Amino acid sequence: TVALALCLALEVGRYRAERRQYRATAALRIAVVGGAPERREALAWAQGEAAAAARLLPGDPRPLVAAGSARLAARDADGALEWYRLAFAVGERAETDLNFGRALMMQHDLMGAQRAFLRAGWLSPLVLGGLPEVARAPLLGEIERLTRLLEEGRLREAPPPPVGRPSP
């Protein structure tokens, strides 16, 4: 009975954390896509919900990415990069690299952004779908070239992470 109660308590806590993560993502989507009149407040609320979810979901980078995305949507590149660095420390996801690149673009670090986009595309080419064709096509070409080198046994490591983020 005690073991069952403990398992149930842990599962309820996880469910509560997942709901906070969902609310943060939904608020972010509404603020960005829907153009909510109270955009600044909605983004701040989304960041707060994501930060709360991050505390409740240790080891899960998704809430950290959501908090970073709220800062990115608020045009706060420095704040976004801080959250993305925290997410990288938990685990690498292609969308984190992609958004890290977007934040670097805001800072006019085009080389760093290009490295982040390449790394994101190497992990999952589908995430590059949100980039303009003029930026996406060269990245996909480079990924194809690197894939050939890998298949030929001439590639020793994956594209490196962008400068300024922790190494995996």
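Me: Leaving aside neighbours within four places in sequence, which residues is Leu98 in contact with? And what makes something a contact?

Reply: Leu98 touches Phe117, Ala120, Val127, Leu128 and Leu131, once its neighbours within four places in sequence are set aside. They're called contacts because heavy atoms lie within 4.5 Å. Bear in mind that this is a predicted model, where local features need pLDDT of at least 70 and side-chain atom pairs count only at pLDDT 80 or more, while totals for chains, interfaces and linings use all residues. Numbering starts from 1 along each chain as its sequence is written, and side-chain values use heavy atoms, with hydrogens and water left out.

Me: What makes up the helix and strand count of the protein chain?

Reply: Seven helices and zero strands, so read along the sequence you get α-α-α-α-α-α-α. Helices are DSSP runs (H or I, at least four residues), strands are E runs of at least two, and numbering goes from the N terminus. Of the contacts with a separation of 6 or more, 56% join residues 24 or more positions apart.

Me: Why is Tyr84 classed the way it is, buried or exposed?

Reply: Buried means under 20% relative accessible area (exposed is over 50%, partly exposed in between, with a 1.4 Å probe and protein chains only). Tyr84 has 0% relative accessibility, so it counts as buried. Tyr84 sits in helix H4 and, not counting residues up to four places away in sequence, touches Val65, Gly68, Ser69, Leu72, Thr96, Asn99 and Phe100. The C-alpha atoms of Tyr84 and Phe100 are 6.4 Å apart, with their positions 16 residues apart along the chain.

Me: And Asn99, buried or exposed?

Reply: Buried: its relative accessible area is 10%. Asn99 lies in H5. Beyond its neighbours within four places in sequence, Asn99 contacts Val65, Ser69, Leu72 and Tyr84. Across the protein chain, 42% of the 168 residues count as buried.

Me: What makes a group of residues a nonpolar core?

Reply: The members have to be buried Ala, Val, Leu, Ile, Met, Phe, Trp, Tyr or Cys, joined through side-chain atoms within 4.5 Å. The largest such core has 35 residues, and those with the most contacts inside it are Tyr84, Leu98, Phe100 and Leu128. Helices H2 (39-56), H3, H4 (77-90), H5, H6 (110-123) and H7 (133-151) each give it two or more residues. A second, separate core of eight residues includes Leu28, Ala31, Ala42 and Ala70.

Me: How are H3 and H5 oriented to each other, and why is it called that?

Reply: The axes of H3 (62-73) and H5 (94-106) cross at roughly 25° and come within 11 Å. Axes are lines fitted to C-alpha atoms over the stretch in contact, and angles run from 0 to 180 degrees between N-to-C directions. Under 35 degrees is roughly parallel, over 145 roughly antiparallel, 65 to 115 roughly perpendicular and the rest oblique, so H3 and H5 come out roughly parallel.

Me: Then why does the pair H5 and H6 get the label it does?

Reply: H5 and H6 pack at about 165°, with axes 8 Å apart. Set against those cut-offs, H5 and H6 are therefore roughly antiparallel. Among the residues of H5 in that contact are Leu98, Phe100 and Leu104, and among those of H6 are Ala116, Phe117 and Ala120.
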